[in-house]
Amino acid sequence: MTLNPLLPLIYESIVHTALREDLGRAGDITADAIVPASQQARLVMRARQSGVVAGLDVAGCAFRTISSAIELRAERPDGSTVEPNQVIAIIDGPARSLLTAERTALNFLCHLSGVATATATLVKAVQGTRAQIVCTRKTTPGLRALEKYAVRAGGGGNHRFGLDDAVLIKDNHIALAGGIRTAVERAKANTGHMVKIEVEVDTLSQLEEALSLGVDAVLLDNMTTEQLARAVEMARGKAITEASGRITAATAAAIAATGVDLISVGWVTHSSAALDIGLDYLP
């Protein structure tokens, strides 16, 4: 799968918000006091642990927002794997501006690379099966587009981006509607023909009912591998199957082996550890 870059329009306002938060009312009083405005410098960005890079354009935006004279040259672009001490990028420009933007740039890069790395671990675990690892809406508020991009950088795919691009009928919708049939019928009656409908089911009997209603996909929630295998057989040729519920790198392979089409994982976006990346002065 080709990793298409994010449009600057998507991340520029997010970067500007982060920089305003860091600069406060008076700017970087430390760098302004210590570093002459005319001084130039080169910084090298290195991985301190193994992982997958994501977010270099976002980091570059942080630097260029402070000074358009800063140039970032990527040595390991987004989607690349890196080993400890490997150079990710080299950055040249006014020293004061480099220091001012450093933390914001690294905050984005380390977090997004952590998401990509966690995703890649899961993708590797299901290699050789039909299953695709996908993320969810369990994202950091304001960072959804960036985190979903990082999932793609790690080799995963994206579930819906928001409440407006697909119907996902979950247990509370079913309870409030009075049943799966009523919920699906209302969804079909009140959405356009281009909108796909997925239903969350907890049991095989619920699955049977959902399939009889002609839904596009079924979310198989917290099922055992035995139940998943049976569900895949029942849904074959009728609906896309998605497994979900406390899935880890240790359990993903067994779940993928059941034949499910998708494995959705929330923790890759909301709880991934940041990838340790350093930015050091290069004399």
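Which residue stands opposite Asp92 in S5? Hold that thought while we get our bearings in this predicted model.

Start with the whole chain. The protein chain is built with 11 helices and 12 strands, and its C-alpha atoms fill a box of roughly 70 × 40 × 25 Å along the principal axes. Of the 283 residues in the protein chain, 47% count as buried. If you look at contacts in the protein chain with a separation of 6 or more, 69% come from residues 24 or more positions apart.

Now for the outside. The accessible surface of the protein chain comes to about 14,100 Å², and carbon and sulfur atoms account for 52% of that area. As for charge, the protein chain carries 27 positive and 30 negative charges, and the mean positions of these two sets are 1 Å apart.

Next, zoom in on strand S5, which covers residues 87–94. Strand S5 is mostly covered, with six of its eight residues buried. Two strands to look at beside it are S1 and S3. Strand S1, residues 40–47, runs antiparallel to S5 and is joined to it by seven bridges. Strand S3, residues 71–74, also pairs with S5 in the antiparallel sense, this time over four bridges.

That brings us back to Asp92. On the S1 pairing, find Arg42: this residue stands opposite Asp92 in S5. Then move to the S3 pairing, where Glu71 stands opposite Asp92. So to trace this part of the model by eye, put Asp92 in the middle of your view, with Arg42 opposite it and Glu71 opposite it as well.

Conventions: Residues numbered from 1 in each chain as written. Predicted model: local features only at pLDDT ≥ 70, side-chain atom pairs only at ≥ 80, totals over all residues. Heavy atoms only, no water. Buried < 20%, exposed > 50% of the residue type's maximum accessible area, 1.4 Å probe, protein only. Contact = heavy atoms within 4.5 Å. Areas by Shrake-Rupley, 256 points an atom, 1.4 Å probe, with all protein chains shown as cover. Lys, Arg positive; Asp, Glu negative; His and termini not counted. Charge placed at Lys NZ, Arg CZ, Asp CG, Glu CD. Pairing = 2+ DSSP bridges.
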